[in-house]
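Colleague: Please take me through the packing in this one, with a close look at the nonpolar core and whatever surrounds it. I'd like the cut-offs as you go.

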Amino acid sequence: MLETTTPTRAPWLDDRPGPKHLHHGTHRATSLEETHRRLAPMLHRHGVTRIADITGLDLLGIPVATAVRPNSRSLSVSQGKGLSWEASWASAAMEAIEHDHAERPRLPLHLECTVDLDRVVEPWRLPRPPGHSIDPEQPLLWVPGARVADGAPVSVPFEAVSLDLTLPRSFLAGGIHRDSNGLAGGNTHLEAVLHALCELVERDAAALWDLRCSSKQAATRIDAATVTDAQAQWMLSAFATAGVEVALFDITSDIGLPTVLCHTVDAEPDPIRPLPPAAGMGAHPVAEVALQRAMTEAAQSRLIAISGARDDLTRAEFAASLDVGAAVELRDALRATAAHARPWNPQCGQRNDNLAADLDWLLAGLRRAGLAEPVAVDLTRPDTQIPVVAVVVPDLEGPGSVTGAETEPGPRARALAPAHHSEASATAGLDGPNPTDTEEA
């Protein structure tokens with residue numbers, strides 16, 4: 001039964017639980033102007049040499065920015081998107097800052113076997129490559145974390161936090177996926193943790209949707225004509241004007257956090273001027289924000305391929321993104337799902353006045369789904385004081401093929417395995433180029 005008492009949270013999450021600031025679809029603890037004022041002087045300390053506006057490389061006009069860090073230990077080019085230049089600037093700047101924190105975490109480390117620790121995030125309950133087993137008696141490096149709900153100390157595998165991809169796997173030895181899933185920054189710790197949790201739940205929902213049979217995937221198609229949000233309508237119009245078809249899918253999981261998948265592909269792929277199909281996802285307690293984020297991320301994914309600047313985009317992936325035959329196949333597969341489209345429901349999710357209520361609602365959803373309590377590792381640096389956290393939730397599925405990663409199925413995916421094998425999945429028809437915001441060693 002759902003608790004009716006007021007939830008408790010880790011003390012450091014109550015720093016600024018006040019009302020949200022709304023600007024072009026963003027829900028933040030401060031205004032974008034305040035975020036810009038705070039981040040701009042700190043960029044050089046995190047190795048950022050330039051933030052560029054690459055919106056004009058595409059026909060859409062949906063703002064996308066890139067932040068460049070030449071001495072990065074993972075990605076040297078980060079992306080940001082939004083419904084305004086200010087929002088995309090803040091998004092790119094924060095992603096670069098997040099990565100710098102995770103590449104050079106200033107945390108105490110201790111070496112210990114999992115079985116010898118009392119309160120621990122068990123590494124085998126986190127996403128890992130297919131077929132990889134983890135020995136509980138293998139010594140691993142650990143960092144201090146805290147349960148989001150009450151602040152209780154929990155040890156977290158260092159490998160689940162570090163984005164220093166210059167470290168060899170033999171040094172870490174755990175075999176956990178090394179990516180940015182669950183890494184987030186914010187104006188406050190509360191905002192950062194909420195952002196990280198939304199991303200984790202989004203990736204879990206995408207992995208589960210990817211396991212559905214073709215008919216069940218098609219049944220999640222959203223009728224774009226029923227979307228009433230003005231900002232989402234503007235983006236749909238921008239895609240249509242550019243000759244790009246949009247297919248929206250409601251991939252919300254049993255956790256209840258509104259989650260949307262957006263596929264885009266040229267209506268008439270041009271062999272002379274091929275433009276890449278792209279996908280984007282968004283999750284947020286407010287359904288319209290989830291919808292907007294999915295579309296802005298799809299626009300960002302297109303520009304990642306068009307610009308060619310991101311250093312985890314291989315030559316093979318770039319060539320595949322310009323395969324006109326594959327684009328036509330994807331377009332036809334997406335068109336086939338249109339007959340199953342259902343009206344968009346903007347009332348799903350939860351509308352709260354402050355970020356603390358958003359977090360409490362999301363934690364309740366995780367508990368209803370039978371998931372373990374989230375644990376956060378505070379990566380914030382004393383010298384810059386920009387809140388950055390890495391959050392893990394045991395047993396949530398990791399990025400699936402929708403995001404281009406291969407992950408050993410967890411308990412939630414294994415529970416869907418019989419349905420997955422009973423009918424051929426639509427994944428082959430709906431994959432297309434994927435959102436590229438994970439990194440692997």
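Modeller: Here is the core, followed by the helix pairs and a few loop residues.

First, the ground rules: the model is predicted, local features need pLDDT of at least 70, side-chain atom pairs count only at pLDDT 80 or more, and totals for chains, interfaces and linings use all residues. Residues are numbered from 1 along each chain as its sequence is written, and side-chain values use heavy atoms, with hydrogens and water left out.

For the overall setting, the protein chain has 13 helices and 16 strands (DSSP runs numbered from the N terminus: H or I of at least four residues for helices, E of at least two for strands). Of its 441 residues, 56% are buried (under 20% relative accessible area; exposed is over 50% and partly exposed is in between, with a 1.4 Å probe and protein chains only). Among contacts (heavy atoms within 4.5 Å) between residues at least 6 apart in sequence, 71% join residues at least 24 apart.

Now the core itself. The largest nonpolar core has 39 residues; such a core is a set of buried Ala, Val, Leu, Ile, Met, Phe, Trp, Tyr and Cys residues joined through side-chain atoms within 4.5 Å. Ile 51, Val 156 and Leu 379 have the most contacts inside this core. Two or more residues each come from helices H1 (32-39) and H2 (85-103), and from strands S4 (64-68), S7 (139-147), S8 (153-157), S15 (375-378) and S16 (388-392). H2 gives the most, nine residues. In general, nonpolar side chains tend to be buried together in soluble globular proteins.

Leu 379 is a good place to zoom in. Leaving aside neighbours within four places in sequence, Leu 379 touches His 101, Ala 102, Pro 105, Leu 107, Val 161, Leu 183, Val 388, Val 389 and Ala 390. Apart from this core lies another, of 28 residues, including Leu 355, Ala 356, Leu 359 and Leu 363.

Next, H1 against H2. Their axes are 10 Å apart and the angle is about 40° (axes are lines fitted to C-alpha atoms, for helices over the stretch in contact, and angles run from 0 to 180 degrees between N-to-C directions). The two helices are therefore oblique to each other; under 35 degrees would be roughly parallel, over 145 roughly antiparallel, 65 to 115 roughly perpendicular, and the rest is oblique. H1 supplies Leu 32, Thr 35, His 36 and Leu 39 to the contact, while H2 supplies Glu 86, Ala 87, Trp 89, Ala 90, Ala 93, Met 94 and Ile 97. By class, that is eight nonpolar, two polar and one charged (Ala, Val, Leu, Ile, Met, Phe, Trp, Tyr, Cys and Pro are nonpolar, Asp, Glu, Lys and Arg charged, and the others, Gly among them, polar).

Then there's helix H4 (residues 189-210) with helix H10 (residues 355-368): about 35°, axes 10 Å apart. Leu 190, Glu 191, Val 193, Leu 194, Leu 197, Cys 198 and Val 201 of H4 meet Leu 355, Ala 356, Asp 358, Leu 359, Leu 362, Leu 363 and Leu 366 of H10. That contact divides into twelve nonpolar, no polar and two charged residues.

Finally, the loops. Leu 75 sits between S4 and strand S5 (77-81) and, at 2% relative accessibility, counts as buried. Between S15 and S16 is Gln 385, partly exposed at 44%. Its phi is near 55°, positive in a residue other than glycine.
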